[in-house]
Amino acid sequence: MRRVCPCARLAQAVAISKDCPVYIIEPHIHMYSRTTDDYQAMYRAGIRVVVEPSFWLGANRRYAGTFFDYFHLLLTFEPVRAARYGIDHYCCISCNPKEAENRALVDEVAAGMDEYLEHPRCLGVGEIGLNNITDNEVYAFRKQLLMAEERQMPILVHLPHFDKARGAQITVDLIRAEGLTQRRIEIDHNTEDTMPITRRTDCFTGLTVYPYSKLNPERVSHIVREYGAERMIVNGSADWGVSDPLSLPKTIEFLKQDGHEERTLQMLFHDNAYEFYGQSPKWKPNYNIAPIPVSQYQRQP
Ligand SMILES: [Zn+2]
């Protein structure tokens, strides 16, 4: 597997020296809803590459066109904004489970998705999955799973917030029934209840660290001890709810104190995400983007 730097030491956190910086991949974050201060803080904390899956914006979209404008923004504006702060930005696009109840709209969005899936910044399909576990959600989920499989693209799957174990079981059953390439799928937002189900597949499994809901660093530590770091990916999944764009550096610190080996940390916060997204030929993360001085892009007063 390709390494960023032969002497990289993730466990020593952030930058060891100018010649040997340490990099973190944030494999699931919604920068659309984050500020420039967040980008700057992420850069300072050692995050150099982010992947932004499309998500529910807070109100259901009523037109296919508003999905397409959102995909366009994620794929064109956001990478430029991120690069100003030294961060390489990629995307996954999809119709989110929260917007799956309108089948006609799902069909219309799916029918127009190709040009966005083909964009050089789009690595995969996601996040897709189940929310309230309805028939319409299963319809949209299956449809997009098959679209991704057909195009051999990585898939980011979101587990429901409630009834998680049942949602995980239905998700895994669907993946198996369709005969999908499990190594190209990451099942995200796992908890202690879903791990026994999702770890029985070859899918990558995601652990999301949130300040108040989802997992905290202590629970991540226990789960990693129990299941190992193979195929495990940690993310912060920050959006415009109560979330933290610095979840990953904070979790690294906790896991270090809690006795996890450096090799484990490197797998959880870099190598596994690299391997997962590396299944897309478009994945060419650049860790050496120099932040641009604000005077070069912001109008003078
Ligand atoms: Zn998300």
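**Exercise 1. Which β-α-β unit do strand 1, helix 1 and strand 2 make: right-handed or left-handed?**

*Solution.*
Note at the start that the model is predicted.
Step 1. Locate the parts: helix 1 spans residues 36-44, strand 1 covers 24-26, and strand 2 holds residues 47-53.
Step 2. Check the pairing. Strands 1 and 2 run parallel and are joined by 3 bridges. Isoleucine 25 faces valine 49 of strand 2.
Step 3. Read the hand. The β-α-β unit of strand 1, helix 1 and strand 2 is right-handed.

**Exercise 2. Find the order of the strands in the open sheet and name its edge strands.**

*Solution.*
Step 1. Take the order. The open sheet has 8 strands, arranged 1-2-3-4-5-6-7-8. Their pairing is parallel.
Step 2. Look for strands that pair on one side only. These are strand 1 and strand 8, the edge strands.
Step 3. Add the twist. On average, neighbouring strands are turned by 25 degrees against each other, direction ignored.
Step 4. Inspect one pair. Strand 6 (residues 185-188) and strand 7 are parallel, with 2 bridges. Here isoleucine 187 stands opposite threonine 205 of strand 7.

**Exercise 3. Describe the surroundings of strand 3, residues 88-93.**

*Solution.*
Step 1. Count the buried residues. In strand 3, 6 of 6 are buried, so the cut-off of 20 or more other C-beta atoms within 10 Å is reached by each.
Step 2. Sort the side chains. Asp88, Tyr90 and Cys92 point one way, while His89, Cys91 and Ile93 point the other way.
Step 3. Go to strand 2. It runs parallel to strand 3, and 5 bridges join the two. Valine 49 has aspartate 88 as its bridge partner in strand 3. Proline 53 stands opposite cysteine 92.
Step 4. Follow the chain between them. It leaves strand 2, passes through helix 2 (residues 64-84) and reaches strand 3 in a right-handed β-α-β crossover.
Step 5. Go to strand 4 (residues 122-129). It is parallel to strand 3, with 3 bridges. Cysteine 92 faces glycine 124 there.
Step 6. Compare strand 2. There 7 of the 7 residues are buried, so strand 2 is largely enclosed by the rest of the structure.

**Exercise 4. Which strands do helix 2 and helix 5 lie on, and how do helix 3 and helix 5 cross?**

*Solution.*
Step 1. Place helix 2. It lies across strands 2, 3 and 4, and runs at about 165 degrees to strand 3.
Step 2. Place helix 5 (residues 135-150). It packs on the sheet and touches strand 4 and strand 5. Its direction makes about 160 degrees with that of strand 4.
Step 3. Bring in helix 3 (residues 103-111). The axes of helices 3 and 5 come within 10 Å and cross at roughly 10 degrees.
Step 4. Classify the angle. Under 35 degrees counts as roughly parallel, so helix 3 is roughly parallel to helix 5.
Step 5. List the contact. Helix 3 gives Arg103, Val106 and Ala110. Among the residues of helix 5 are Tyr139, Lys143 and Met147.

**Exercise 5. Why are the buried residues of helix 8 on the same side?**

*Solution.*
Step 1. Name the buried residues. In helix 8 (residues 217-227) they are Pro217, Val220, Ile223 and Val224.
Step 2. Use the arc. These residues cover only 120 degrees around the axis, which puts them on the same side of helix 8.
Step 3. Turn to the other side. Glu218 and Glu226 are exposed there.
Step 4. Find the packing partners of the buried residues. They include strand 7, strand 8 and helix 10.
Step 5. Finish at the end of the helix. Glycine 228 follows helix 8, and its phi is positive, near 85 degrees.

Conventions:
Residues numbered from 1 in each chain as written. Predicted model: local features only at pLDDT ≥ 70, side-chain atom pairs only at ≥ 80, totals over all residues. Buried ≥ 20, exposed ≤ 12 C-beta atoms within 10 Å, placed from the backbone. Helix = DSSP H or I, 4+ residues; strand = E, 2+ residues; numbered from the N terminus. Pairing = 2+ DSSP bridges. Right-handed = clockwise from strand over helix to strand, strands pointing away. Arc of directions from axis to C-beta. Contact = placed C-beta atoms within 7 Å. Axes fitted to C-alpha atoms, helices over the stretch in contact; angles between N-to-C directions. Parallel < 35°, antiparallel > 145°, perpendicular 65-115°, else oblique.
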